[in-house]
Amino acid sequence: MPVTLLGAAEIRSLAAELDVTPTKKLGQNFVVDANTVRKIVTSAKVSDADRVVEIGPGLGSLTLAILETGARVTAVEIDHRLAAHLPATAAGHGVPEGRLTVVDADALRVTELPGEPTVLVANLPYNVSVPVLLHFLETFPYLRRGVVMVQAEVAERLAAPPGSKVYGSPSAKAAWYGAWRLAGTVSRQVFWPVPNVDSLLVAFERADEPRGDEALRRRTFELIDAAFGQRRKMLRQALSSVLGGSAAAAAAALEQAGIDPTLRGEQLSIDDFERLAASVH
Ligand code: SAM
């Protein structure tokens, strides 16, 4: 029996049956368009050999599109009613036993993923999209690549190169783990309820070689936070509190790492931040 997808009417009646009224707090904007969920899965190049993790499966529209490829899915959902019902939805749409594992939990707190999935595919809850992405990349090294749908501004930041207007702390931190690129647009009209922001797809590919250890990552992220906490200031000022306690000490540390102290954080690549972090300890 082939896997079938959820239609718009079915999604609404399922929500009514489960007594689920979409909430802003949990970023619950469900995709009610089969073409859109297939487009996400296609752009993630999911095949039947893949084990995929989905964050926030909701009523299951994207989940079924991933399962339609023959892939296995681990789905992490915080809303108990939705998590509890997902296996029944999958079974009712032709998904064979054992292909879906549901984890009823807050994605920000999970520390293990059954099946060690290598691909992430998600329509992320917008209020926690960046912390959840960073948490997953940090905690699950077996996660190699993925495509996620996020608020357009967040996608642009994640994919921004140094020097661009929107390059900021999320851009530099995301780049620690690998390469990011914009991967497609999505109309507001495919959601229920229709959100008041635009969405974009963003794809990532983890770098083959991991960067430094946990201590170096923490120091690098601390420098990134300080640099972008005062992004209009020159680095020697913005980093003074974390590099020696004065602008002069910060300037010396920056020069030692080969970085011009009069630059601003938005001009530094993740390689620069990492080099600086490595040189000051
Ligand atoms: N994947 C579904 C779709 O495309 O229709 C739903 C996407 S909806 C934008 C976000 C989903 O993430 C909701 O089901 C929501 O309950 C869930 N969610 C919100 N915060 C979460 C968290 N911290 N951990 C896990 N799931 C979360």
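Biologist: What makes both faces of β5 count as covered?

Modeller: Val-119, Val-121 and Asn-123 on one side are buried. Leu-120 and Ala-122 on the other side are buried too. A residue is buried if 20 or more other C-beta atoms, placed from the backbone, lie within 10 Å of its own; 12 or fewer make it exposed, and anything in between is partly exposed. Five of the five residues of β5 meet the buried class, so the rest of the structure largely encloses the strand.

Biologist: What kind of model is this?

Modeller: This is a predicted model: local features need pLDDT of at least 70, side-chain atom pairs count only at pLDDT 80 or more, and totals for chains, interfaces and linings use all residues. Residues are numbered from 1 along each chain as its sequence is written.

Biologist: Why is Gly-245 called buried or exposed?

Modeller: Gly-245 has 10 other C-beta atoms within 10 Å, so it is exposed. Gly-245 sits in the loop between α9 (235-238) and α10 (247-256). Its C-alpha atom lies 41 Å from that of Leu-200, 45 residues away along the chain.

Biologist: How many helices and strands does the protein chain have?

Modeller: Eleven helices and nine strands. These are DSSP runs numbered from the N terminus: helices are H or I over at least four residues, strands are E over at least two.

Biologist: What makes β4 and β7 edge strands?

Modeller: The open sheet has seven strands in the order β4-β3-β2-β5-β6-β9-β7, with mixed pairing. β4 (100-104) and β7 (178-186) each pair on one side only. Two strands pair if DSSP finds at least two bridges between them. Neighbouring strands of the sheet are turned by 20° against each other on average, direction ignored.

Biologist: How do you know that β2 and β5 pair?

Modeller: There are two bridges between them, in the parallel sense. The definition asks for at least two, so β2 and β5 qualify. Val-52 has Val-119 in β5 as its bridge partner. β5 (residues 119-123) is also joined to β6 (residues 145-151) by five bridges, again parallel. There, Asn-123 stands opposite Met-149 in β6.

Biologist: What joins β2 to β3?

Modeller: Five bridges join β2 (residues 51-55) to β3, and the two strands run parallel. Ile-55 stands opposite Val-76 in β3. β3 is mostly covered, with five of its six residues buried.

Biologist: Which residues are closest to the ligand?

Modeller: Gly-56, Gly-58, Ala-107, Asn-123 and Pro-125, among 23 that surround the ligand. A residue is near a molecule if its C-beta atom, placed from the backbone, lies within 6 Å of it. β1 (30-31), α3 (61-68) and β3 (72-77) each supply at least two residues of the shell.

Biologist: How many shell residues fall in each class?

Modeller: The shell has 13 nonpolar, seven polar and three charged residues. Ala, Val, Leu, Ile, Met, Phe, Trp, Tyr, Cys and Pro count as nonpolar; Asp, Glu, Lys and Arg as charged; the others, Gly among them, as polar.

Biologist: How do you know that the radius of gyration agrees with a compact globule?

Modeller: Taken over C-alpha atoms, the rule is 2.2 Å times the number of residues to the power 0.38. With 281 residues, that puts a compact globule near 19 Å; the protein chain has 21 Å, which agrees. The C-alpha atoms fill a box of roughly 70 × 35 × 30 Å along the principal axes. Buried residues make up 41% of the 281.

Terms used:
Axes fitted to C-alpha atoms, helices over the stretch in contact; angles between N-to-C directions.
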